[in-house]
Amino acid sequence: AFPAYTAGSAVPDCKVQLRSFLLVGKRDAPLKEVLPQMLQVFSFLDKTASAKLGEEKAISKMPDGSIACAHDDIAQVMDVLGEAVEAAGLVMGEDVTVSLNFGATSFFISNTGEVGSYAYKPEAEGEPVEADNWADWVCELLDKYPQISSIEDVCAEEDYETWRRVRQAVEARSTPVLVLGNDLFKNDLDLIRTGVAEGWAGGASLQSEKLHTLSDILDASTLFTFLKPKASRVVLQHRPGHSAGVIEADLAVGIGAWGLVCAPPAPLSVSKYNRLVEIESALEDLQAQGLAHLRPWQSVYEEEEAAVAAYAEQVAEAEQGP
């Protein structure tokens, strides 16, 4: 995944309160094919944004390589992303999907006028959405934009009840969308254990530099990936700044991460891309020798759904009794 658009409080006068929009390459396709495609999309992103918005709005680059612009609404951002993907000769929703980081704590309204009432306001000029209706609003957004493959920090950090409602509503939809927590878990192992037990989210976005040790990263990731009958997913964030290197590539593959967030093209990030391609080639060689078994994500999904169905049957039989 590549950061594409930054919005929210980081951009002055931006009416879109969601934190950021990321572009995700096609799953189960060879990285040596996906990476050049994604780099081409990013080459068109600047041009598309400038052509569509440049005369009316200032466009700037953020430290993570994403574009920042004071957008009027979510539709405007999605239009620019879609046109950039189309200009690269790809199909949005098939070759490229969108990962949406809500950063919902920043637009959470803790008191809407009544005692105990609270709401979310994702667009500056829109009406606040009461927390009880937030799951419906999120599902309507996903229905409108089926190219969204994952959502992150969709609720405020400590609004655990709404987290559960959103996860249940999103996972009940026919089109799978991953619900991730980052601010939610704060890279804290105790909080992760509690969140997994109570089902707050369908996975986590982990930051290696905040977990500090390899043991902590492995502990945090296995809390999600070892769940049965259906595992949760883990996304690994790249380290920013001069300390960033290729180790996240090895780590992401080693822990079975659902994704790795990389910065757009730059000397340090390119070395990470190259390492991912090297790992893919090495694993393909091992598979050719019968020493490894590589499985596409789609087969993992299908196997898990079958396991969930079998588990549900066993529960129903147990409830009926002999």
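In which helix is the place of Ala 318? Ala 318 belongs to helix 10, as shown in the last of the views below.

The structure is a predicted model, in which local features require pLDDT of at least 70 and side-chain atom pairs count only at pLDDT 80 or more, whereas totals for chains, interfaces and linings use all residues. Residues are numbered from 1 along each chain as its sequence is written, and side-chain values use heavy atoms, with hydrogens and water left out.

**View A. The second largest pocket and its lining.** The second largest pocket holds about 1,100 Å³ of space. On a 1 Å grid over the protein atoms alone, a pocket is an open set of points with protein on both sides within 12 Å along at least five of seven lines, while a cavity is a set of points where a 1.4 Å probe fits but cannot get out; lining residues have an atom within 4 Å of a point. Grid points are joined across faces, edges and corners, and a volume is the space filled by probe spheres set on the points. The lining of this pocket comprises 41 residues, of which Pro 176, Val 177, Leu 178, Lys 230 and Tyr 301 lie nearest the centre. At least two lining residues each come from strand 2 (20-25), strand 5 (96-101), strand 9 (148-152), helix 4 (160-171) and helix 10 (297-320); helix 10 gives the largest share, six residues. Helices (H or I, at least four residues) and strands (E, at least two) are DSSP runs, numbered from the N terminus. By class, the lining has 19 nonpolar, 10 polar and 12 charged residues (Ala, Val, Leu, Ile, Met, Phe, Trp, Tyr, Cys and Pro count as nonpolar, Asp, Glu, Lys and Arg as charged, and the others, Gly among them, as polar).

**View B. The largest cavity.** One cavity of 30 Å³ or more is counted. The volume of the largest cavity is about 40 Å³, and its lining is made of Leu 142, Tyr 145, Pro 146, Ile 148, Arg 173, Thr 175 and Val 177. Five of these lining residues are nonpolar, one is polar and one is charged. Val 177 thus appears in this lining and among the residues nearest the centre of the second largest pocket.

**View C. Strand 2 and its partners.** All six of the six residues of strand 2 are buried, that is, under 20% relative accessible area, where exposed means over 50% and partly exposed in between (1.4 Å probe, protein chains only). Ser 20, Leu 22 and Val 24 point one way from the strand, and Phe 21, Leu 23 and Gly 25 point the other way. Strand 2 pairs antiparallel with strand 1 (residues 2-6) over four bridges, two strands being paired if DSSP finds at least two bridges between them. Within that pairing, Pro 3 has Leu 22 as its bridge partner. Strand 5 is joined to strand 2 by six bridges, also antiparallel, with Asn 101 opposite Ser 20.

**View D. The three-stranded sheet.** Strands in the order 6-7-8 form an open sheet with antiparallel pairing. Strand 6 (108-109) and strand 8 (129-130) are the edge strands, each pairing on one side only. Strand 6 is connected to strand 7 (residues 119-120) by two bridges, and Ile 109 stands opposite Ala 119.

**View E. Aromatic pairs and cluster.** There are 10 aromatic pairs, defined for rings of Phe, Tyr and Trp (its six-membered ring) with centres within 6.5 Å; planes under 30 degrees apart count as stacked, over 60 as edge-to-face and the rest as tilted. Phe 107 and Trp 134 are edge-to-face, at 6.1 Å centre to centre and 65 degrees between the planes. Because Phe 107 lies in the loop between strand 5 and strand 6 and Trp 134 in helix 3 (residues 131-144), this pair ties together parts that are 27 residues apart in sequence. Phe 107 is buried at 4% relative accessible area, and Trp 134 is buried at 0%. Phe 108 and Tyr 118 form a tilted pair, at 5.6 Å and 55 degrees. Phe 108 is partly exposed at 27%, as is Tyr 118 at 24%. One aromatic cluster contains Phe 102, Phe 107, Phe 108, Tyr 118, Tyr 120, Trp 134 and Trp 137.

**View F. Ala 318 in helix 10.** Ala 318 is exposed, with 60% relative accessibility. Its C-alpha atom is separated by 23 Å from that of Glu 303, 15 residues apart along the chain.
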